[in-house]
Amino acid sequence: MDFATIYHHFALVLEASILVIAALFPIVNPIGSAAVFLTMVQTIDPDLQRKLVNRITMYSFFLLFLSMLCGGKILSFFGIALYSVQIGGGIIVAANGWALLTKDAPKQSAATPNPEEVLNKAFYPYTLPLTVGPGSISVAVALGAHLPSELHAKSFISPDILAASLLGTVATCVTVYICYRWSRAAANMLGKSGTTVLMRLSSFISFCIGVQILASGIRSYIASLQ
């Protein structure tokens, strides 16, 4: 394999990785989600929070990557168009963003939660829908459907596309881990008012992202009628 071929494969993997990160990061929104996550885990100790974050990161990776790998085939099996996922996901993301935007800050409970009960909630609601919601899944499905054609690969399981998708998903989940793992320390630096501002701003961004996903789905639906 000559240098030109190696460079071509490297450039393809890098381009696809950046595309995956650029598509997933805004909708996963780990910084904003961490602010919401912190309000839900204020009463648990740091060691339990670390175990919970480990599980959330692992679940988020598998949920995103499997959506890219198998999401399109699952939709085809059930006869669901991609624009339907975008419209449905956009509505849910916008609704969740609006609910968080208008919700009062939760009061901290004095009761210490049971560690087993906390860890049992790692997938729902901490991973789905807090970290990887319907909007993130719809974006991942769209990536799995369009990434090969955009980068002139034969299929999603092409080695270059597969490697890039793994790298992009891992990079996104690493940011989730960092933001969730040290959310308590960041909140201490920002203070109560700063954390509240960040949460409201993130909720507004989530609402706007949901509207954008909804608009993209409607646009794709209209294009399919022509």
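**Figure 1. Tyr177 and Trp182, an edge-to-face pair.** Trp182 counts as partly exposed, at 45% relative accessibility. Its partner is Tyr177, and the two form an aromatic pair of the edge-to-face kind, with 6.1 Å centre to centre and 85° between the planes. Tyr177 is also partly exposed, with a relative accessible area of 25%. As in every view here, you are looking at a predicted model.

**Figure 2. Phe37 and Tyr180, a stacked pair.** How many aromatic pairs does a search of the whole structure find? The search gives nine. One of them joins Phe37 and Tyr180, which are stacked, with 4.5 Å centre to centre and 15° between the planes. Phe37 belongs to helix α2 (residues 30–40) and Tyr180 to helix α8 (residues 159–181), so this pair ties together parts that are 143 residues apart in sequence. Are these two residues buried or exposed? Both Phe37 and Tyr180 are buried. Tyr126 joins them, and Phe37, Tyr126 and Tyr180 form one aromatic cluster.

**Figure 3. Helix α8 from end to end.** For the 23 residues of α8, a span of 33 Å is expected at 1.5 Å a residue. The end C-alpha atoms of α8 are 32 Å apart, which agrees with that expectation. Follow the helix along and you will meet a series of buried residues, among them Asp160, Ile161, Ala164, Gly168, Thr172, Cys173, Val176 and Cys179. Tyr180, from the stacked pair of the previous view, is one of the buried residues of α8 too.

**Figure 4. Helix α9 and its bend at Gly191.** Here the end-to-end check comes out another way. Helix α9 (residues 183–225) has 43 residues, and a straight helix of that length would span 63 Å at 1.5 Å a residue. Between its end C-alpha atoms, however, α9 spans only 46 Å. Where does α9 bend? Look at Gly191, where the helix bends by about 110°. The buried residues of α9 include Ser183 and Ala187, as well as Thr195, Met199, Ser202 and Ser203. Further along α9, Ile209, Gly210, Ile213, Ser216 and Gly217 are buried as well.

**Figure 5. Tyr83 and Ile222, brought together from distant parts of the sequence.** Tyr83 sits in helix α4 (residues 82–102). Along the chain, Tyr83 and Ile222 are 139 residues apart, yet 9.7 Å separates their C-alpha atoms. Tyr83 is partly exposed, with a relative accessible area of 24%.

**Figure 6. A network of salt bridges around Asp47.** Side chains of opposite charge can pair when their charged atoms come close. How many salt bridges does the count come to? There are two, and you can find them by starting from Asp47. Asp47 forms a salt bridge with Arg50, in which the closest N and O atoms are 2.7 Å apart. Asp47 and Arg50 are three residues apart in helix α3, so about one helical turn separates them. Lys51 also forms a salt bridge with Asp47, and here the closest N and O atoms are 3.8 Å apart. Lys51 and Asp47 both lie in helix α3 as well, four residues apart, which is about one turn of the helix. Together, Asp47, Arg50 and Lys51 are linked in a network of salt bridges. Asp47 is partly exposed, with a relative accessible area of 37%. Arg50 counts as partly exposed at 29% relative accessibility, and Lys51 does so at 39%.

**Figure 7. A nonpolar patch on the surface.** Ile74, Phe77, Phe78 and Ile80 form this patch, and together they have about 470 Å² of accessible area. Phe78 is found in helix α3 (residues 46–78). Is Phe78 buried or exposed? With a relative accessible area of 57%, Phe78 is exposed.

**Figure 8. Two backbone details, at Pro125 and Asn29.** The peptide bond from Tyr124 to Pro125 is cis, with omega near 15°. Pro125 lies in helix α6 (residues 122–131). Asn29 is found in the loop between α1 (3–28) and α2. Its phi is near 50°, a positive value in a residue other than glycine. Asn29 is buried, with a relative accessible area of 13%.

Terms used:
Residues numbered from 1 in each chain as written. Predicted model: local features only at pLDDT ≥ 70, side-chain atom pairs only at ≥ 80, totals over all residues. Heavy atoms only, no water. Patch = residues over 30% accessible without salt bridge, like charges linked within 9 Å, V, L, I, M, F, W, Y side chains within 5 Å. Areas by Shrake-Rupley, 256 points an atom, 1.4 Å probe, with all protein chains shown as cover. Salt bridge = Lys/Arg side-chain N within 4 Å of Asp/Glu carboxyl O. Helix = DSSP H or I, 4+ residues; strand = E, 2+ residues; numbered from the N terminus. Buried < 20%, exposed > 50% of the residue type's maximum accessible area, 1.4 Å probe, protein only. Expected span 1.5 Å × (residues − 1). Bend = angle between axes of the 7 residues up to and from the residue. Phe/Tyr/Trp six-rings, centres within 6.5 Å; stacked < 30°, edge-to-face > 60°.
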